[in-house]
Amino acid sequence: MKLPGIPDDPRIIDSTGALELPPNVKRLLVIGGGIIGLEMATVFEALGVKVTVCEFMPGLMPGADPDLVKPLEKRLRARYEAIMVGTKATKVEALKEGIRVTFEGAKVPEPQVYDRVLVAVGRSPNGKVIARKRRASL
C-alpha cells in the first residue's frame with residue numbers, strides 16, 4: 001500500500017525492499033508498528049541501525065493480545081531509538097541529506113531526518129495462505 005504524501009524516493013522502502021538491506025543506514029524510521037514492521041525493525045537494530053517506530057494506533061501490533069505485546073514493547077523500547085504510538089507521520093520530504101519526517105501526536109519530537117524510511121503499513125502476514133497451499137500440495 002502506498003501512503004498519500006510519501007514522495008517517490010529510493011530511500012523510502014517497503015518490507016520487500018528492506019530485504020535488500022541497503023548499506024550505510026544509520027537511522028531508520030519504520031512507519032507501522034505491526035508484526036511486519038517490528039520484524040524488519042528488529043533485523044535492522046541487530047545490524048547496528050538506530051531504529052524509530054511510528055505507529056498510528058495507541059499500541060504496537062494492533063489486534064494482538066495486549067498481555068503479549070506489553071513485555072515485547074518494554075524490551076524494544078530499551079533497544080530502539082524511539083517508539084511513538086498514537087503518532088502519525090504527517091509530512092515526508094526527500095532532501096539531499098535524508099528523509100525529513102514531521103509527526104503529529106501527543107509526545108512527538110521536532111521533525112527528524114532519517115537515512116531510510118520503511119513503510120510497513122498495508123501489509124499482512126500470509127502464513128495461513130502458505131500453510132493452506134502446502135496442505136493442498138501434500
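A residue is called buried when its relative accessible area is under 20%, exposed when that value is over 50%, and partly exposed in between. The legends below use these words throughout and describe close-up views of a predicted model.

**View A. The salt-bridge network of Lys91, Glu93 and Arg100.** The side chain of Lys91 meets that of Glu93 in a salt bridge, with N and O 3.8 Å apart. Lys91 has a relative accessible area of 45%, which means that this residue is partly exposed. Glu93 also forms a salt bridge with Arg100, where the N to O distance is 2.9 Å. Arg100 is partly exposed as well, because its relative accessible area is 30%. Through shared partners, these salt bridges join Lys91, Glu93 and Arg100 into one network. Side chains of opposite charge can pair when their charged atoms come close. By the rule applied here, the model has six salt bridges.

**View B. The hairpin of strands β5 and β6.** Strand β5 covers residues 88-95 and strand β6 covers residues 98-104. Seven bridges pair the two strands in the antiparallel sense. Two residues lie between β5 and β6 in this hairpin. Within the pairing, Glu93 stands opposite Arg100 of β6. The two residues are thus linked in two ways, by their places in the paired strands and by a salt bridge between their side chains.

**View C. Ile83 in strand β4, shown with Arg100 as a reference.** Ile83 belongs to strand β4, which spans residues 82-85. With a relative accessibility of 8%, Ile83 falls under 20% and therefore counts as buried. The C-alpha atoms of Ile83 and Arg100 are 17 Å apart in space, and the two residues are 17 positions apart in sequence. Arg100, in contrast to the buried Ile83, is partly exposed.

**View D. The salt bridge between Arg11 and Asp9.** Arg11 and Asp9 form a salt bridge in which the closest N and O atoms are 2.8 Å apart. Both residues of this pair are buried. In the network of View A, by contrast, Lys91 and Arg100 are partly exposed.

**View E. The parallel pair of strands β2 and β3.** Strands β2 and β3 run parallel and are joined by five bridges. One of the residues in this pairing is Ile31, whose bridge partner in β3 is Cys54. Strand β3 (residues 50-55) is mostly covered, with five of its six residues buried.

**View F. A nonpolar surface patch of Leu21, Val43 and Leu47.** These three residues together present about 250 Å² of accessible area. Leu21 lies in the loop that runs between α1 (15-18) and β2 (27-31). Its relative accessible area of 38% lies between the limits for buried and exposed, so Leu21 is partly exposed. The loop between α1 and β2 also holds Leu19. Leu19 counts as exposed because its relative accessibility is 61%. Although Leu19 and Val43 are 24 residues apart along the chain, their C-alpha atoms are separated by 9.6 Å.

**View G. Met61 and its positive phi angle.** Phi of Met61 is near 45°, a positive value in a residue other than glycine. Met61 is part of the loop between β3 and α3 (66-79). The relative accessible area of Met61 is 18%, which is under the 20% limit, so this loop residue is buried.

**View H. A patch of positive charge on the surface at Lys128, Arg132, Lys133 and Arg135.** The four residues gather in a surface patch of positive charge. Two of them, Lys128 and Arg135, are shown here with their places in helix α4, which spans residues 127-137. Lys128 has 71% relative accessibility and therefore counts as exposed. Arg135 is also exposed, because its relative accessible area is 56%. For reference along the chain, Lys128 and Pro111 are 17 residues apart in sequence, while their C-alpha atoms lie 39 Å apart in space.

Note on methods: Residues numbered from 1 in each chain as written. Predicted model: local features only at pLDDT ≥ 70, side-chain atom pairs only at ≥ 80, totals over all residues. Heavy atoms only, no water. Patch = residues over 30% accessible without salt bridge, like charges linked within 9 Å, V, L, I, M, F, W, Y side chains within 5 Å. Areas by Shrake-Rupley, 256 points an atom, 1.4 Å probe, with all protein chains shown as cover. Lys, Arg positive; Asp, Glu negative; His and termini not counted. Charge placed at Lys NZ, Arg CZ, Asp CG, Glu CD. Helix = DSSP H or I, 4+ residues; strand = E, 2+ residues; numbered from the N terminus. Buried < 20%, exposed > 50% of the residue type's maximum accessible area, 1.4 Å probe, protein only. Pairing = 2+ DSSP bridges.
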